[in-house]
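Me: I have a sequence and a set of coordinates open. Please show me how to read the features, one at a time.

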Amino acid sequence: MRATRALIAMALAAGMAACSTSNSPDGGSPSSSPSAASGTVVVYAAASLQATFEKLGAQFGARNPGTVVKFSFGGSSGLLTQLTQGAPADVLATADTPTMDRARAAGLVAKAEPFATNVLTIATAPGNPKGIASLADLTRPGVSVVVCAKPVPCGAATAKVTAAAGVALAPVSEEDAVSSVLAKVRHGQADAGLVYRTDVKGTGGAVASVDFPQADGAVNVYPIAPLTGAKNASGAQRFVDFVRGPEGRAALADAGFGAPS
């Protein structure tokens, strides 16, 4: 009898231990895998990625219970400056390869992978009231234009397309992020601005878009990488893989980004 009771007690203990493991935070929910990410993943990303990355961050969190993705968006060069000054982050996604190359040279990343491409367009008020049809039209009297500052990827791309078109712009302001350029056009502070095609698409018609041929000669390739000093290295790599995976590619394509070759 005593032996029987001992066996029953051992079986009950084993069952309770199994239940405790499957329901613990480390074990995750039944839909999560043992290798799922956890904790907080801090992502520094180019301003033009904000809408898409926020969507992907929510999806990533849903597939990795217990994980929170926090973002800091801005001009790529400004983000790099913050990181070199010691700002804590796990992932960096920039709007061009030269900025990521500088991050690698500074020892902030070891290896980056391309995940998207983007090109410029001319953003105008709905209906294009100034009748802008080309880059040259941005130099007409009475047309106010705003652009990105040259150190920012969209500013470097602006320099390329205007040089290719043989156009010298006289912008009323130069912004540190493409989102600021778009905001000035959207709120009537400028007649036109050079932004990415994805930025215009993301407004849902709040601004109009005028494409120009020189844009295809200044394609920006977006790279992403986990930071070498990431506090959540495993979560960082999983987020990078998620962005470059099927769901990430679908969300980026839906937003108007191109796929890297």
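Reply: What follows goes from the overall make-up to helices, cores, aromatic pairs and a loop. This is a predicted model, where local features need pLDDT of at least 70, side-chain atom pairs count only at pLDDT 80 or more, and totals for chains, interfaces and linings use all residues. Residues are numbered from 1 along each chain as its sequence is written, and side-chain values use heavy atoms, with hydrogens and water left out.

Me: How many helices and strands does the protein have?

Reply: Helices (H or I, at least four residues) and strands (E, at least two) are DSSP runs, numbered from the N terminus. Here there are 9 helices and 10 strands.

Me: What share of the residues counts as buried?

Reply: Buried means under 20% relative accessible area, exposed over 50%, and partly exposed in between, with a 1.4 Å probe and protein chains only. Of the 261 residues, 44% count as buried. Contacts are a second global reading. A contact means heavy atoms within 4.5 Å. Among contacts with a separation of 6 or more, 78% join residues 24 or more positions apart.

Me: Take helix 8. What span should its 12 residues have?

Reply: The expected span is 1.5 Å times one less than the number of residues. For helix 8 (residues 233-244) that gives 16 Å, and the end C-alpha atoms are 17 Å apart, which agrees.

Me: Which residues of helix 8 are buried?

Reply: They are G235, A236, F239, V240, F242 and V243. They cover an arc of only 160° around the axis, so they sit on the same side of helix 8. The arc is taken from the directions from the helix axis to the C-beta atoms.

Me: And which residues of helix 3 are buried?

Reply: In helix 3 (residues 76-84), these are S76, S77, L79, L80 and L83. Seen down the axis, they fall within an arc of 160°, so they line one face of the helix. Their packing partners are strand 1 (39-46), strand 2 (67-74), strand 3 (91-93), helix 4 (97-105) and helix 5 (153-165). Just after helix 3, G86 takes a positive phi of about 105°.

Me: Now the interior. Which members of the largest nonpolar core touch the most other members?

Reply: A nonpolar core is a set of buried Ala, Val, Leu, Ile, Met, Phe, Trp, Tyr and Cys residues joined through side-chain atoms within 4.5 Å. The largest one has 61 residues, and L49, F53, F115, I122, I224 and F239 touch the most other members. Helix 8 gives the largest share, 5 residues. Domain 1 (39-117 + 222-255) and domain 2 (120-217) both contribute, so this core lies between them. Those domain bounds come from an automatic or database domain assignment. A second, separate core of 13 residues includes L80, A103, L108 and A112.

Me: What does F53 touch?

Reply: Leave out residues up to four places away in sequence, and F53 touches V43, A45, F71, F73, A93, F115, I224, F239 and V243. I224 lies in strand 10 and is buried at 0% relative accessibility. The C-alpha atoms of I224 and F115 are separated by 7.0 Å, although the two residues are 109 apart along the chain.

Me: How many aromatic pairs does a search of the whole structure find?

Reply: Rings of Phe, Tyr and Trp (its six-membered ring) pair if their centres lie within 6.5 Å; planes under 30 degrees apart count as stacked, over 60 as edge-to-face and the rest as tilted. The search finds 10 pairs. One of them, F60 with F239, is edge-to-face: 5.4 Å centre to centre, with 90° between the planes. F60 lies in helix 2 (residues 50-63) and F239 in helix 8, so the pair ties together parts 179 residues apart in sequence. F60 is buried at 2% relative accessibility, and F239 is buried at 0%.

Me: How are the rings of Y196 and Y222 placed?

Reply: They are also edge-to-face, 6.1 Å centre to centre and 65° between the planes. Y196 is in strand 8 (residues 192-196) and Y222 in strand 10 (residues 220-226), 26 residues apart. Both Y196 and Y222 are buried. One aromatic cluster takes in F53, F60, F71, F73, F115, Y196, Y222, F239, F242 and F257.

Me: Last, the loop between strand 5 and strand 6. Is L135 buried or exposed?

Reply: L135 lies in that loop and is buried, with a relative accessible area of 2%. Among the residues that L135 touches are I122, V161, L194 and F212. The C-alpha atoms of L135 and V161 are 8.6 Å apart, with their positions 26 residues apart along the chain. N128 is found in the loop between strand 5 (120-124) and strand 6 (145-148). N128 has a positive phi of about 50° although it is not a glycine.
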